[in-house]
Amino acid sequence: MQHPYIITISSEKGGVGKTTLATNLAIYLKALDEDLPVTLLSFDNHFSVDRMFRIGRKPHAGTVLDFLGGRPLGDLVEVGEFGVQYLPSNRHLAEFGDKLDGLDHLARCFASANLPGVVIIDTRPVLDNFTHNALFCADRVIIPVKDTPSLENSRHIYAFFDEHKISRRALRLLPSLLDSRIHYDGPFKDSYQLLKAYAINRGYRCLEGFIAKSPKVESLNTNPEGKLYPILTHGRQTEVHLQFTHLARQIYLDLLDCNELRLDQLTPAANAASAG
Ligand SMILES: Nc1ncnc2c1ncn2[C@@H]1O[C@H](COP(=O)(O)OP(=O)(O)OP(=O)(O)O)[C@@H](O)[C@H]1O
Ligand SMILES: [Mg+2]
């Protein structure tokens, strides 16, 4: 049974760029290595994943809710644009939070699927059962922070890891939606350096680099076609394109470097049985 490297994008703050990061990171990873299976799912009800990746209008076999209900992943996963696989979103998912059986419900669903490559999970701006499950099974958690309040807020994610005795090693902050035009006097010259200093001061680790705020990127979800256009194809002239290229390369190297997948740690007995 092959297990994926799971990347969870999480922040309790709304509008910090989680969904933009989840969807575009999938495409940039695919652009780096077209043979890498990349699967995306969202616990949000915005349908951004579906709007960006769905090909045609064919009805889908089920949604992320069916996956959590035990339906085999292979029956549900759709192959979308750019070769990115995705699980269709569900408008009513949030109502089913109490149906999750423990923190490892999602981990068990993934462990029973044969899914190599990378999974990217987009979460809602709330630390509910779904987000907890997505944090619990993650090899890498990316927490976008766009200002001091969102940085302060990330302490709840750290507290969740500490409370459940999960190593903090998976956690990384990513300064996001920064206005590159703002400069300060003094040692920290811009909001990137300032946020990074705050993060280090609190013992939080950051990914290298940041994602800038760009009007072009913001415009990619408003058009007469009702599509959500990717940065790679429709925002190539922006600095955000270069930043995503750099970010995807870091994530890719991290996953190549990963010695033991979180799912393998969580399900050693099941692995031994399937290997034997
Ligand atoms: N680099 C960027 N530059 C400018 N605007 C951006 C950028 N990234 C995302 N946005 C815009 O910011 C808004 C919030 O982004 P997004 O939906 O990705 O955040 P989110 O954290 O998923 O929000 P929510 O918490 O509501 O799910 C969107 O309108 C999006 O188009
Ligand atoms: Mg979102």
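Which residues in α1 meet which residues in α12? The legends below take up that contact along with other close-ups of this predicted model.

**Figure 1. Helix α1 packs against helix α12.** On the α1 side, the residues involved are Asn-24, Leu-25, Tyr-28, Leu-29 and Leu-32, and they meet Phe-244, Thr-245, Leu-247, Ala-248, Arg-249, Ile-251 and Tyr-252 in α12. Sorted by class, this contact comprises 9 nonpolar, 2 polar and 1 charged residues. A pair of packed helices is described by the angle between their axes and the distance between the axes. Here the angle is about 70 degrees and the axes are 9 Å apart, with α12 spanning residues 239-257. That angle makes α1 roughly perpendicular to α12.

**Figure 2. Residues of α1 and α10 take part in the shell around ligand 1.** There are 17 residues around the ligand, and those that come nearest are Lys-18, Thr-19, Thr-20, Pro-125 and Glu-218. Helix α1 (18-32) and helix α10 (215-218) each supply at least two residues of this shell. Of the elements involved, α1 gives the most, with 3 residues. If you like to think in terms of residue chemistry, the shell splits into 6 nonpolar, 7 polar and 4 charged residues.

**Figure 3. Seven strands form an open sheet with mixed pairing.** Reading across the sheet, the order is β3-β4-β2-β5-β1-β6-β7. At the edges are β3 (78-79) and β7 (171-175), each of which pairs on one side only. Further in, β2 (residues 38-42) and β5 (residues 118-122) pair in the parallel sense over 5 bridges. One register point to look for is Val-38, whose bridge partner in β5 is Val-118.

**Figure 4. Edge strand β7 is largely enclosed by the rest of the structure.** Is this strand buried or exposed? The count is clear: 5 of the 5 residues of β7 are buried. Both of its faces are covered, with Leu-171, Leu-173 and Pro-175 on one side and Arg-172 and Leu-174 on the other. Its pairing is with β6 (residues 140-145), which runs parallel to β7 and is joined to it by 5 bridges. Within this pair, Val-141 stands opposite Leu-171.

**Figure 5. Ile-157 is a buried residue of helix α8.** The residue has 23 C-beta neighbours inside 10 Å and therefore counts as buried. Setting aside its neighbours within four places in sequence, Ile-157 is in contact with Ser-10, Leu-135, Val-141, Ile-143 and Leu-171. Two of these names will be familiar from the previous view, where Val-141 and Leu-171 stand opposite each other. Ile-143 is 14 residues from Ile-157 in sequence, and their C-alpha atoms are 8.8 Å apart in space.

**Figure 6. Phe-47 and Lys-165 have positive phi values.** Most residues other than glycine have a negative phi, so these two are worth a look when you check the backbone. For Phe-47, phi is near 65 degrees, and the residue sits in the loop between β2 and α2 (48-53). Phe-47 is partly exposed, with 15 other C-beta atoms within 10 Å. Lys-165 has a phi of about 55 degrees and is found in the loop between α8 (155-163) and β7. With 6 other C-beta atoms within 10 Å, Lys-165 is exposed.

Terms used: Residues are numbered from 1 along each chain as its sequence is written. Chains are lettered from A and ligands numbered from 1 in the order in which they are written. This is a predicted model: local features need pLDDT of at least 70, side-chain atom pairs count only at pLDDT 80 or more; totals for chains, interfaces and linings use all residues. A residue is near a molecule or strand if its C-beta atom, placed from the backbone, lies within 6 Å of it. Helices (H or I, at least four residues) and strands (E, at least two) are DSSP runs, numbered from the N terminus. Ala, Val, Leu, Ile, Met, Phe, Trp, Tyr, Cys and Pro count as nonpolar, Asp, Glu, Lys and Arg as charged, and the others, Gly among them, as polar. Axes are lines fitted to C-alpha atoms, for helices over the stretch in contact, and angles run from 0 to 180 degrees between N-to-C directions. Angles under 35 degrees count as roughly parallel, over 145 as roughly antiparallel, 65 to 115 as roughly perpendicular and the rest as oblique. Two residues are in contact if their C-beta atoms, placed from the backbone, lie within 7 Å. Two strands pair if DSSP finds at least two bridges between them. A residue is buried if 20 or more other C-beta atoms lie within 10 Å of its own, exposed if 12 or fewer, and partly exposed in between; C-beta atoms are placed from the backbone.
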